[in-house]
Amino acid sequence: MNVSARATAASLRGILSRTNIGRVSARSIVTLAKRSLPGASIALRNSAIRHKITVPITATFSQIRSLKTLDFGGTKEQVYERSDWPKEKYQEFFKNDTIAVIGYGPQGSGQSLNARDNGLNVIVGLREGGRSWKEAVENGWVPGKTLFPITEAVQKGTIVLNLLSDAAQKELWPAMKPHLTAGKTLYFSHGFSIVFKDDTHVIPPDDIDVIMVAPKGSGRTVRSLFLEGRGINSSYAVYQDVSGKAKDKAVALGVAIGSGYLYETTFQREVVSDLVGERGVLMGAIQGLFLAQYEVLRANGHTPSEAFNETVEEATQSLYPLIGENGMDWMYACCSTTAQRGALDWYKPFHKAAKPVFEELYRKVADGSEARHVIEKNSSPQYREELEVELKEIRESEIWRAGKTVRSLRPERKS
């Protein structure tokens with residue numbers, strides 16, 4: 001670090017100290033930000049927000065940072081963070097809007113509650129009297145005031161968050177579309193209905209904005225991370241920009257519903273990557289790998305408790321958190337040399353065996369055949385009953401019955 005850089009760093013430390021920040025002028029921050037070290041402007045802005053320093057946003061924050069470009073494994077991408085849209089800013093931006101959340105599954109409940117807690121004018125649209133309606137009432141939504149039948153909520157909303165299941169979006173689209181009048185905004189959290197419009201018949205009017213914010217996790221996680229003061233990663237996309245403000249709407253709503261940061265995508269890229277991920281390592285492949293290893297251990301004389309601990313419990317409770325904390329190499333480095341050697345030797349055969357399966361999966365997602373299968377299965381009148389049969393098969397298999405007992409032995413569950 002040269003002398004100038006050291007001087008700047010010292011000045012930054014002084015400005016960011018709790019004892020001094022309240023006495024710093026706007027001009028001082030702006031001047032220093034212009035010559036600060038990489039990343040210093042971020043710290044300045046966050047500290048100014050945290051300590052409520054009275055610095056004009058247009059004079060300071062816009063010069064400190066508006067959009068961040070990061071290196072993702074050698075590729076430059078732009079991201080927005082929560083601090084790019086402080087609560088006061090998006091509250092002002094949406095002050096004349098009614099946010100109508102349609103659907104109250106995991107995403108609908110999580111996003112609507114977060115947006116409500118963040119001070120936006122939110123209403124919910126549901127099938128009157130159903131299970132979700134009752135849950136919404138329990139969560140404080142008031143019939144006739146903030147809770148309405150679906151078509152009435154769509155009519156009232158200026159920004160309509162279509163968070164119904166993919167199958168329900170297809171079913172209810174004819175009833176919703178007439179109320180999506182000129183100037184409104186239609187929001188999705190999944191690109192499914194738009195990308196596979198030949199099968200869903202969801203074709204938006206051409207005089208409205210169409211945007212997407214897709215949290216990278218379940219709606220329950222969207223809510224739980226928000227309540228913990230954290231944020232979920234999300235992608236955003238613009239499909240139609242009639243107002244010229246569609247991108248701003250997407251990013252601002254993304255922050256309001258609980259995103260920690262957002263990266264740009266398209267409806268097409270989002271839906272393909274999402275469907276591949278769910279069927280792959282996020283859900284489908286992981287169940288297949290867990291089950292295969294468990295079955296081999298059991299077939300060779302290992303007890304259920306041992307097989308489950310070596311397959312699932314150690315993975316989820318010890319090793320996977322290390323990956324999340326600092327990467328795969330960090331997890332390897334935290335294990336014994338014997339474990340390291342085995343992992344480094346054996347990941348390649350697993351990669352070779354699995355890649356053709358992923359390539360087939362990607363083809364079926366990209367060509368729409370997987371979407372057609374989902375629509376057919378999920379549109380069945382007996383869908384919930386059929387789903388429960390499949391989940392029961394997993395729940396009552398030996399591996400997950402053993403897992404229930406193992407989980408009950410965790411010390412935190414016994415206190």
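A residue counts as buried here when its relative accessible area is under 20%. By that cut-off, 40% of the 415 residues of the protein are buried. Keep in mind that this is a predicted model.

Let's start with the overall build. The secondary structure adds up to 23 helices and ten strands. As for how the chain meets itself, take the contacts between residues at least 6 apart in sequence: 67% of these join residues at least 24 apart.

Now zoom in on one helix pair. Helix 7 covers residues 106–117 and helix 13 covers residues 219–227; their axes come within 6 Å and cross at roughly 25°. Angles under 35 degrees count as roughly parallel, so helix 7 is roughly parallel to helix 13. Who does the touching? On the helix 7 side you'll find Pro-106, Gln-107, Gly-110, Gln-111, Leu-113, Asn-114 and Asp-117, and they meet Gly-219, Arg-220, Val-222, Arg-223 and Phe-226 of helix 13. Sort the residues of this contact by character and you get four nonpolar, five polar and three charged.

Next, the annotated positions. An unreviewed UniProt entry lists Asp-274, Glu-310 and Glu-314 under "binding site". From this set, Glu-310 and Glu-314 belong to the lining of the second largest pocket. UniProt also places a "binding site" feature, again from an unreviewed entry, at Asp-274 and Glu-278. Asp-274 therefore turns up in both listings, and such annotations may be inferred rather than shown by experiment.

Where do these residues sit? Asp-274 lies in helix 15, which spans residues 267–279, and Glu-278 is found in helix 15 too. Glu-314, for its part, is in helix 17, running over residues 304–326.

How open are the two glutamates, Glu-278 and Glu-314? Partly exposed is the class between under 20% and over 50% relative accessible area. Glu-278, at 29%, therefore counts as partly exposed, and Glu-314 is partly exposed because its relative accessible area is 34%.

Their neighbours round out the picture. Leaving aside residues up to four places away in sequence, Glu-278 touches Met-283 and Gly-284. With that exclusion applied to Glu-314, its contacts are Asn-309 and Leu-319.

Definitions and conventions. Residues numbered from 1 in each chain as written. Predicted model: local features only at pLDDT ≥ 70, side-chain atom pairs only at ≥ 80, totals over all residues. Heavy atoms only, no water. Axes fitted to C-alpha atoms, helices over the stretch in contact; angles between N-to-C directions. Helix = DSSP H or I, 4+ residues; strand = E, 2+ residues; numbered from the N terminus. Parallel < 35°, antiparallel > 145°, perpendicular 65-115°, else oblique. Contact = heavy atoms within 4.5 Å. Nonpolar A, V, L, I, M, F, W, Y, C, P; charged D, E, K, R; others polar. 1 Å grid on protein atoms, 1.4 Å probe; cavity = no way out; pocket = protein on both sides within 12 Å on 5 of 7 lines; lining within 4 Å. Buried < 20%, exposed > 50% of the residue type's maximum accessible area, 1.4 Å probe, protein only.
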